[in-house]
Amino acid sequence: MRLQRQRLSMADFEPLKLIGKGAFGEVRICRDRNNPDTLVAVKKLKKSEMVRRGQVDHVKAERNVLAEVQHYAIVKLMYSFQDEEYLYLVMEYLPGGDLMTLLIRLEILTEDMSRYYLAQTVLALEAIHAAGYIHRDIKPDNLLLDANGRMKLSDFGLCKPVDVQSLPEFTAVSSAKEEEALKQNIPIVTSGDQRQKEQLEHWKANRRKLAFSTVGTPDYIAPEILMKKGYGMECDWWSLGAIAFEMMVGFPPFYSDDPMTTCRKIVNHKTYLQFTPEAEATLSPAAKDFICGLLCDVNSRLGSNSIDEIKNHAFFKRINWKTLYESTAPYHPALEHDLDTQNFESYEDDELDKASGRYPQGQKSSRPVADPHFVGYTYKNFDAPSRELLDKVAGGAPIPGGEGGSGNDVSELQDAFAAVEFGNFSI
């Protein structure tokens, strides 16, 4: 109770290792000085940049969801606090990296491994939906692994895979010419199609960079979102189906070099959902039926009536839902010690270097400091928005740090940020 009442600050946490940098913040492993045996992940977000980029509501949503939904399949928020310049979210540290790292290493997961992680994602989404939230951004880099290989869901409201409002309204294919253009980009690899082989190899080599580009990847967005007809919690089940396809086939079901082409394929999923010949030969009927039951129209999608439609599917026949998180994971992340960060990308840590004159473990990373995204505890890279977008976000009012404000006046920033009072939170 005394800890809950006290006002926390970064002085209560010892910085150890930087594991992520983004457009307006960073994620760092820290040691809780009040509990030296505990390592935490501290997400530090610059207020002026959040306001300037119009991300205040997203950050507020993430904090609220993490505070309200306390579940073993959800990344735990331990504290939140702020100072004049920054907002801090103190979360449990999961050293296993994210699912994207696992997919990059293994390329294709077995059905049993896929079933285990998909089932844990189902439990996480069940908890989120029961609290009245839609995640809207289910993708491999938002699924984190703990030291034992068990998965937890992260990133609530802070990022979106694409700004839907900026997209044209997608409809079904309307011309033979457009349909033929889309077919040229289907990444179904056969022995006689060298272009499609090259396209798939390009995606494998650049998948993380592509996912965190300015545009972002729409690979996991449900068609009802793209068609702007309104959507509900069922959109998260579509994303689960896209991840299931990627796990067991080796790439997203509607991948294209061009995000707009991917969006058109998703809207026309009845035509463009295809399994590779290898997947057709190796996947079980239950696995293919599960994927197709999620990557379909919302009215017939698994989970649209009840989550029991998903839990009772033949694909999960061997899953014991009550003891899933007590069972042994099929994959154990390689960890040599408590501060082993090999499952995250490396970053130069100028702040720690200035403070101590050294880097953790005595090594500097060769990675550029200006990396645009987090890995593990991810958020989207938002380039500086246009003046028109800033005016829209602010309702025409000047924004601190933008063209309408100096960006140096603390009181100006505090006034703009007054609607988001995080204070202290402890569980």
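A disulfide is taken here as a pair of cysteine sulfur atoms within 2.5 Å, and by this rule the count comes to zero disulfides. C292 is in no disulfide, and the nearest cysteine sulfur, belonging to C296, is 8.5 Å away. The structure is a predicted model, in which local features need pLDDT of at least 70 and side-chain atom pairs count only at pLDDT 80 or more, while totals for chains, interfaces and linings use all residues. Residues are numbered from 1 along each chain as its sequence is written, and side-chain values use heavy atoms, with hydrogens and water left out.

It helps to begin with the overall picture. The protein chain holds 17 helices and seven strands; helices (H or I, at least four residues) and strands (E, at least two) are DSSP runs, numbered from the N terminus. Of the 427 residues in the protein chain, 55% are buried. Here buried means under 20% relative accessible area, exposed over 50%, and partly exposed in between, with a 1.4 Å probe and protein chains only. The protein chain exposes about 19,000 Å², of which carbon and sulfur atoms supply 48%; accessible areas come from the Shrake-Rupley method with a 1.4 Å probe, and for residues only the protein chains shown count as cover. Contacts (heavy atoms within 4.5 Å) add a view of the fold: among those in the protein chain between residues at least 6 apart in sequence, 71% join residues at least 24 apart.

The cysteines can be placed on this scale of burial. C263 counts as buried, because its relative accessibility is 1%. C292, by contrast, has a relative accessible area of 35% and is therefore partly exposed.

Attention now turns to charged side chains. A salt bridge requires a side-chain nitrogen of Lys or Arg within 4 Å of a carboxyl oxygen of Asp or Glu, and by this rule the count comes to 14 salt bridges. One of them joins E26 and R28, with an N to O distance of 2.8 Å, and both of these residues are buried. Another links the side chains of E49 and R52 at 3.0 Å, N to O. Because E49 and R52 are three residues apart in helix α2 (residues 47-52), about one helical turn separates them. E49 and R52 are buried as well.

The salt bridge between E280 and K288 has its closest N and O atoms 3.3 Å apart. E280 has a relative accessible area of 41% and so is partly exposed, whereas K288, at 19% relative accessibility, counts as buried. Elsewhere, D112, R115 and R318 are joined into one network by salt bridges that share partners.

Aromatic side chains offer a further set of pairings. Rings of Phe, Tyr and Trp (its six-membered ring) pair if their centres lie within 6.5 Å; planes under 30 degrees apart count as stacked, over 60 as edge-to-face and the rest as tilted. A search of the whole structure finds 14 aromatic pairs. The pair of F316 and W321 is edge-to-face, because the ring centres are 5.1 Å apart and the planes stand at 70 degrees. F316 is buried, with a relative accessible area of 1%, and W321 is also buried, at 16%. A separate group, F13, Y79, F81, Y86 and Y88, forms one aromatic cluster.

Charges also meet rings in this model. A charge sits over a ring if NZ of Lys or CZ of Arg is within 6 Å of the ring centre and within 35 degrees of the ring normal. R115, a member of the salt-bridge network described above, lies over the face of F315 at 4.8 Å from the ring centre. K311 lies over the face of W321, at 5.4 Å from the ring centre, so W321 takes part in an edge-to-face pair with F316 and also has a lysine over its face.

Several loop residues complete the account. F24 is found in the loop between β1 (13-21) and β2 (25-32) and, at 3% relative accessibility, counts as buried. F24 and S48 are 24 residues apart in sequence, with their C-alpha atoms 8.6 Å apart in space. E107, in the loop between α4 (99-106) and α5 (111-130), has a phi near 70 degrees, a positive value in a residue other than glycine. R136 likewise has a positive phi of about 70 degrees although it is not a glycine, and its place is in the loop between α5 and β6 (143-145). Both loop positions are partly exposed, E107 at 41% relative accessibility and R136 at 34%.
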